[in-house]
Amino acid sequence: MSTRIVSVRGALPEHLHRQEDITELVTTTLLGEEAARQGVVERMHRNMCVETRHTVLPLEEYARLKDFGQSNDMFIRAGVELGARAVVDALKGVGLTPADVDYVVSCTVTGLAVPSLEARVAAEIGLRPDVVRLPLVGLGCVAGAAGVARLHDLLRGRPDGVAVLMSVELCSLTLQRNDTSAANIVAGGLFGDGAAAVVAVGAGHALAQSDDPARPQVLASRSRLYPDSERMMGWEVGSGGLKIVLDPSVPDLVRHHVGEDVRGFLADHGLTRDDVGWYVAHPGGPKVLTALQDALGVERDALGMTWDSLRRIGNLSSSSVLHVLADTLAERPPLPGSHGLMLAMGPGFCSELVLLRAPGGAR
């Protein structure tokens, strides 16, 4: 029984910056003069293939955040506003209201909030008191794809239901001061701020009856957790907050595992890679994207929407793959009847595969 994705919306903070301006902030304000003299930051940031990014604060205000408490307070305030905007916009796009929502799944990895963000957003926008909440914490970049998979899991048990996924990631608030590690420098050049929301309905809902190929069916999903890879990606939590862990061998792991995972997943549904007409991939960074192309056996254009998203807004952690999905459905709608594959990787180390199909065409 398939779920239908009927609306996807991204939300970005108002502050838009050139990569060069963010590099200057990282070198002179956050990492100190030594890193700036070495030219390390400039060189690494140029290699990220990012031109512009959005941040939740004006650049000059980051130096005023003195500790993790202040950063996390800002995460909650801005995260609620940005997440609420994404959810309301996505619902309005298909004529629904917050009172129509039966399930809300939220994901974030760039701050801590108890009550979790979707509970705070519920009070802001008027979700029902009996809405079923499922916060996903700790999945990082993979959570956008995993969240779509969880919507599918929930709606299979309620074919007339409405479910919303809300992703909020304010990566700029996690950048560490006085940390000249390669991981922190890469994070400063790669990650941006943003949110996104997906509205999905069960197979029995009226909105699921449309043949619009821009409202794809979710057919199946698969999660994969790789052994002995816990230290590949994640956070270390210290007095300064969330310090990124990012192993440079991540692209090698992608090359080694993802191609076989995809082949097996597709084969279990009677498909091969030749049957995949479109991809919705997370923009993990240029080296990861190149490794993913190698693993999938595709040319750069197959992931063209992902490369473009990386260039325009950077890596938004869990929100990124949802922005790519929104861009794909709006700008490069799939052919009726064609199969698509959503995929992302994240801490664990893990991956999530979601099989999609554009309605219409021959079955």
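Which residue follows α9, and what sign does its phi have? Right after α9 comes Gly 297, with a positive phi near 70°. Let's walk through the rest from there.

A word on the ground rules. This is a predicted model, in which local features need pLDDT of at least 70 and side-chain atom pairs count only at pLDDT 80 or more, while totals for chains, interfaces and linings use all residues. Residues are numbered from 1 along each chain as its sequence is written, and side-chain values use heavy atoms, with hydrogens and water left out. Helices (H or I, at least four residues) and strands (E, at least two) are DSSP runs, numbered from the N terminus.

**The big sheet**

Let's take the strands next. Nine of them form an open sheet in the order β5-β4-β6-β7-β1-β8-β13-β12-β11, and the pairing is mixed. The edges belong to β5 (132-137) and β11, each with a single partner strand, so one side of each has no neighbour in the sheet. On average, neighbouring strands here are turned by 25° against each other, direction ignored. (Axes are lines fitted to C-alpha atoms, for helices over the stretch in contact, and angles run from 0 to 180 degrees between N-to-C directions.) What holds such strands side by side? Strands of a sheet pair through backbone hydrogen bonds, either parallel or antiparallel. Two strands count as paired if DSSP finds at least two bridges between them.

Start at the β5 edge: strand β4 (residues 103-108) runs parallel to β5 over six bridges, and Val 104 has Arg 133 in β5 as its bridge partner. At the other edge, β11 (residues 276-281) pairs in the parallel sense with β12 (residues 339-346) over five bridges, with Val 280 standing opposite Met 342 in β12. Five of the six residues of β11 are buried, so the strand is largely enclosed by the rest of the structure. Buried means under 20% relative accessible area, exposed over 50%, and partly exposed in between (1.4 Å probe, protein chains only).

There's also a hairpin to look at: β9 (residues 233-238) and β10 (residues 241-246) pair in the antiparallel sense over six bridges. Two residues make the link between β9 and β10, and Met 233 is bridged to Leu 246 in β10.

**Helices under cover**

Back to α9 (residues 286-296). Eight of its 11 residues are buried, among them Val 288, Ala 291 and Leu 292. The cover over those buried residues includes α8 (250-267), β11, α10 and β12.

How do α9 and α10 (residues 304-313) pack? Their angle is about 180°, and their axes are 11 Å apart. That makes α9 roughly antiparallel to α10 (over 145 degrees counts as roughly antiparallel, under 35 as roughly parallel, 65 to 115 as roughly perpendicular and the rest as oblique). On the α9 side, Pro 286, Leu 289, Thr 290 and Gln 293 meet Thr 306, Trp 307 and Leu 310 of α10. The residues of this contact divide into four nonpolar, three polar and no charged (Ala, Val, Leu, Ile, Met, Phe, Trp, Tyr, Cys and Pro count as nonpolar, Asp, Glu, Lys and Arg as charged, and the others, Gly among them, as polar). Contact here means heavy atoms within 4.5 Å.

Helix α7 is mostly covered too, with eight of its nine residues buried, including Ile 185 and Val 186.

**Loops worth a look**

Ser 172 sits in the loop between β6 (162-170) and α7 (182-190). Is Ser 172 buried or exposed? Its relative accessibility is 17%, so Ser 172 counts as buried. A polar contact of 2.6 Å links its side chain to that of Tyr 62; the term means a pair of N or O atoms within 3.5 Å, where, within protein, one must be able to donate a hydrogen and the other to accept it, and residues adjacent in sequence count only if both atoms are side-chain atoms.

Two residues have a positive phi although they are not glycines:

| Residue | Phi | Relative accessible area |
|---|---|---|
| Cys 49 | about 60° | 36%, partly exposed |
| Asp 228 | about 55° | 76%, exposed |

Cys 49 lies in the loop between α3 (40-46) and β3 (52-55), and Asp 228 in the loop between β8 (217-225) and β9.

Finally, look for cis peptide bonds. One joins Val 114 and Pro 115, with omega about 5°, and another runs from Gly 348 to Phe 349, with omega near -15°.
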